[in-house]
Amino acid sequence: MKREKRIKIYVVILLIIMPGFLSGCWDSHELNKLSIVSGLGWDIDNTGKVTMTYQSIIPSEIKGSSGSNGGGEQKGGSQLSAIQLNQDTGSSPYDALSRYTQHASRIPYYEHTQIYLFGKEGVQRGIYPFLDTQARNPVSRPKALMVVSAEEKASDILGIQDGMENIQAFGMAAEIKLSATFSKYPEVTVLQFQNRLLSKTTAPIAPMVGIFEETGPEGKKIRRTRVVGTAVFKGDRMIGQLNERESSGLLWAINEIKIGFVMIPEASMEIVSAKSKIVPELQGDQVKITIEIDEESNLVEYRGHQDITADLVHELEKGQAKEIESQVRAAVEKSFALDADVFGFGEAVHRKYKKEWKDLKPRWDDIYSRIEVLVKVKTHLNEIGDVNKALIKD
Amino acid sequence: MALEKGRISNFQLSVLIIGFVFGSSVIISPGGKGAGHDAWIACAIGLMEGLLIAWIFTALTKQFKDKTIMEINSLVYGKILGKGISLLFIWYLFHLSALVLTNYTHFFKLQIYPATPNTVTLLLLILVCASTVGRGIEVLARLSIILVPIIILVVFSDTLLLIPHIDFNNLMPVLDVPSGKLLLASHGAASFPFAETVAFLMVLAFVDKPEKAPSAVFGGLLIVGFMLIMAVARNAAVLGPMAEITIYPTYLAAQVIDIGDILTRLQVLVAISLITMGFIKITVLLYGTVLGLAQVFNLHSYRPIILPVGILMVIFALTNVGNTQEMVDFAEQGYPFYAIPFQIGIPLITLVVAKLRKLPQTGGDQV
Amino acid sequence: MFRLLSQKMRRYRTSSSDNQTQAKQNASPKYLSKNLEGNLQVLREELGQSSDVIIRDMKISSNSDVDGAVIYIDGLVDRNLLNQDILQPLMFNLQVIKDNVNQKQSKLIDFIKSSVLTVGQISGTEDIDTVIAGVLSGHTAILIEGVTQALLIDTKGWETRNVDEPTNEVSIRGPKDSFNETLRTNTALLRRKIRDPRLTFQSLQIGERSKTDVTVAYIKGITPDHLISEINQRLKRIDTDAILDIGYIEQFIEDSPLSLFPTVGVTQRPDVVAAKILEGRAAILVDGSPMALTMPFLFIEGFQNPDDYYARPFFAAAIRWLRLLGFTLSIYLPGIFVSLKAFHPELFPAPLLVSVAAAREGLPFPVALEAILMLSLFEILREAGLRMPRSLGPAVSIVGALVIGQAAVSAGLVGAPMVIVVATTAIASFLVVPYADAGALLRFLMTIVAGFLGLFGMVIFQLEILSHLAALRSLGVPYLSPVTPLKLRGLKDVFIRAPLWAMDRRPEFLDSSDKRRQSPGQMPRAPQTKPGKREG
């Protein structure tokens, strides 16, 4: 190749490469220029304005006692806050975000956000814009938790410093996960919510968190958060909620029971394992669903003042089965009342009856409340504990 | 014809094929769109079609041992027509490589480095590919023996770690999709990525035991085919209906991995293995393009044109699609048909004509 | 631009013409004359006026008129040998010489050579250059009036270091001898390990002015012949002033002078050299250097350590994995840390992220710069520690490691996690000695790349390195054998260390002519007790 041609090619290469290097390291974000958002709150008011609440972590406050950090300042006072709340309002989530950047010193960083919290007012209007952002933006994690606030505004909850975790959103996430593990209320990730939404017949759900007050040390009133119910959606709007019993029933039906307790009047049982199946049956135009539940438990509390006999064990098992069945029934009744298929009955029918589903699907809203539901519970009481005779006999 | 003195073994050939087919399959899942949660079935059918196509072009190379498709074309069609067809094939390789680069660019721009200019990412990648091509096919084969097992390991561990999240209900009901759509998606899976192995028509000439080469090709295709089917099925099982909506299902699935709160964020492993697989695929394609050009134009070495061709590929990749949706549309609807003449047409017709003309006769190997 | 560079490089590329060697050979030889005085005059001129050149006149046997002279260099010769076995017999063997002294002078030389001098190595020559070369190497030359032949007697006996423990390659279980600077000692050490008559030492002299003795050691029949001829070819091509150390040879004959990775192995342990020769490699020893070269040298050899073979296989395999891990870590760790902090914070699990972010508060430098500063600091400390007088060593380690590191963190210049990362990296880099330098350089480059482009840049850079390694060859053998091209049997010694009784073949990639090195079926077993025998 002639010398001139070669030089020309090299010059071209250089020209292509150089602007890149001259502009600096484009994607490099130093950690201390990021504000790590641990929880995001979403409120919408009656004019359609969106208020976003950002709970971000102040890293220097986390490392309380270790000496050799540049920069963290000790604030006077009893409680060091490791989080910071900021709020901004705009006509859409991103508009609110752009206003946030006007007074924030750092770029918000969402990759570690564990909680997306929605104010009660907001969910009744529909949270679709949020869902779209969630799916479209690559920074959000599919495993973050969707949570509805039992109070009017999300911002109320995000500000409450609660208990052992000094990062409140992480603490709340842990709370929700724990309540799901103990089979009280569901734990719903963004991915699960999205999948329910996509199904067109299944109703999305999300746990609800509320505030309660209690008197703490030194007589001061402390506000704490707790999980109080399950929100039921139709599409992107909340249309109702399930209480504690109904939520448990729901979990029983959709095979999300892990550990927990079953309480009957004379005894309490600790759940060791549980499995459930939804078996659909189509008879002409009538949909029949059988919920089969298989459960194993151990006896942890017996209030009956009697010795344990084999018959008594059977009695307890039967009592347990009845209690579980009634919980599930309660959930089914509520879902009929709301006309929301929170169990995924529709999808179950779809899986088994491919052809018929095409006709049934558009009419599902009407068909749903007329479904015959049968609940079959099998319980096994495995262990009765260390003692088999009563301490005080009747 | 001293353009390429290296020789590769059949084992290296299989491994190279595995790496090549994996290529950009992480980004655009094969058999994806239109088949819904039956995508894995589409993938399986596509694999069979791919095997068929592989059978065709390996028959061609068995007929003409030690010759690349360029040389074969000239023998079969005569010099002028042969070179014309060879140029068409070279165009296909070039275009395919640019397409892979495009896939790459959009994935990166979205998920990993939003602010970095595409130019830089692509240029750096092409530079590595170019330097490897310059070292000859042997070096690429040796490299693939190191890289491909790592990739396989990553794919397997990805799947293993997702086992807790797999819900087979998501895959049911089976064959829910109308068969027309399914067949279309299958053909899509065949043309991308299985039948792209037609590019190996440039490589098969350099295998040291040409008689065993077809079984090496089939073996490699089967292995990587099964792994892809497994990956597609796993994505659908883990992600449920979201797998159809998202553009990058494997990446999303990797974000779900969470073992004990420590093993999270493994999606970065997916991204890294993506770069590696893309490297293998682009290097093979670049090699084919450059070697082909050298053979058609009777150059004494392909080394001087490696870098210019590579840069042209980058420029093409940067300019050929306006936005990501165009890329996806082309991949789903345009490419399966656009590729037919190159993947099936050229090998099949050449094979038929060669058999009719009772070629090769002994002796003579001009291009 | 690039053309200028390539033009300059062309000057240094190997030229196929042997102009230089021919020039040397065309010098006409000069011969001794029969005149003793004349010869001595010529020799005095050639050897110069140095004070250590001794020319001693004497009479061959006290009763004759035969003049002679002995020439040697003081300091190079063994004086006892000279006095007792050369001068004494020449000057005092009255009766014997007297009987023969009247014979012709030429016969006298033969007689002296065969019957009078009680020394081991004698040769005769008429060429002046040979005489000079011999004297400069420690031989003693004997010249006799009327005879054109001079006798050269090997009287080498200079001060040399003892055979000591190896300083750089420590082995816990193995032998603790190492080469020293005298070639003959080193070849002797090899002979003691391999008593096979086919162990061959081929000698050359390289270096215009140093005329250094260079020996190629191999076992005929195991090392392939084409290897030896290739090595000899490369050695003969060397045309330089002096070979002061084996490193000079290494740099003249290596396969890839422009690569970061060595293609020639260096060791100071005779057991290592012996093992490598037995596998089919060749070794090069140089007078004046306590190191030996082995060729061909492959990438995996850097991870192999003599102790691996003297210990039992499971531990050896575990340690080998540790080395691989440590080496990988030492190259990647700073880069990974930098890219995670600067580009991909999402990869940290949440609690770790908070700690790292907290540590990052208030630090002035971008993390890439911080990493490079710390790495440079470590390299400075290391190099200074090598060069400084022994007595200051402890002071430096205390000052350097503890004070500077700790103070930097307290002053808020550097984050604590960074210190941990760099310290770990630094220590880990010494797990694999031959690649310590290459590794250090790679580490730097990798960190810089990570600072610019995060993980993507690192992966690209890594691919380029791998590509380069895959293309590298050492004496024709691919550098990454036996991993690629894949030779399954060779893998016995790569990631694991197969038990010795399982390694019955020589490594295939070395293409040796004799494939088997031990008989298979040697796994040891406990002796079987006969049934019915009672234990007790």
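Which domains does the domain assignment of chain A give? In this predicted model, the assignment yields domain 1, made up of residues 1-62 + 79-242, and domain 2, covering residues 244-394. The centres of the two domains of chain A, taken over C-alpha atoms, are 34 Å apart. Where the domains meet, 18 residues of domain 1 of chain A are in contact with 23 residues of domain 2 of chain A.

It is worth looking at the domain 1 side of this contact in chain A. Strand 8 (221-234) and strand 9 (237-242) of chain A each provide at least two of the residues of domain 1 that touch domain 2. Strand 8 of chain A gives the most to this side, with four residues. By residue class, the domain 1 side of chain A splits into eight nonpolar, eight polar and two charged residues.

Turning to chain A as a whole, its secondary structure amounts to 13 helices and 13 strands. Of its 394 residues, 38% count as buried. Among the contacts in chain A with a separation of 6 or more, 73% come from residues 24 or more positions apart.

The contact between chain B and chain C offers a second interface to explore. Here 25 residues come from chain B and 20 residues from chain C. On the chain B side, helix 5 (118-134), helix 6 (137-162) and helix 11 (267-296) each supply at least two residues. Helix 5 of chain B gives the most to the side that touches chain C, with six residues. The chain B side consists of 15 nonpolar, six polar and four charged residues.

Finally, the nonpolar cores deserve a visit. In soluble globular proteins, nonpolar side chains tend to be buried together. In the present model, the largest nonpolar core has 318 residues. Those with the most contacts inside this core are A:L117 and A:V147 from chain A, together with B:I17 and B:V290 from chain B. For B:V290, leaving aside its neighbours within four places in sequence, the contact partners are B:V133, B:Y302, B:I305, B:I306 and B:V309. Apart from the largest core lies another core, of 22 residues, which includes C:I71, C:I142, C:L143 and C:A150.

Definitions and conventions
Residues numbered from 1 in each chain as written. Chains lettered and ligands numbered in written order. Predicted model: local features only at pLDDT ≥ 70, side-chain atom pairs only at ≥ 80, totals over all residues. Domains from an automatic or database assignment. Contact = placed C-beta atoms within 7 Å. Nonpolar A, V, L, I, M, F, W, Y, C, P; charged D, E, K, R; others polar. Buried ≥ 20, exposed ≤ 12 C-beta atoms within 10 Å, placed from the backbone. Core = buried A, V, L, I, M, F, W, Y, C linked by C-beta atoms within 7 Å.
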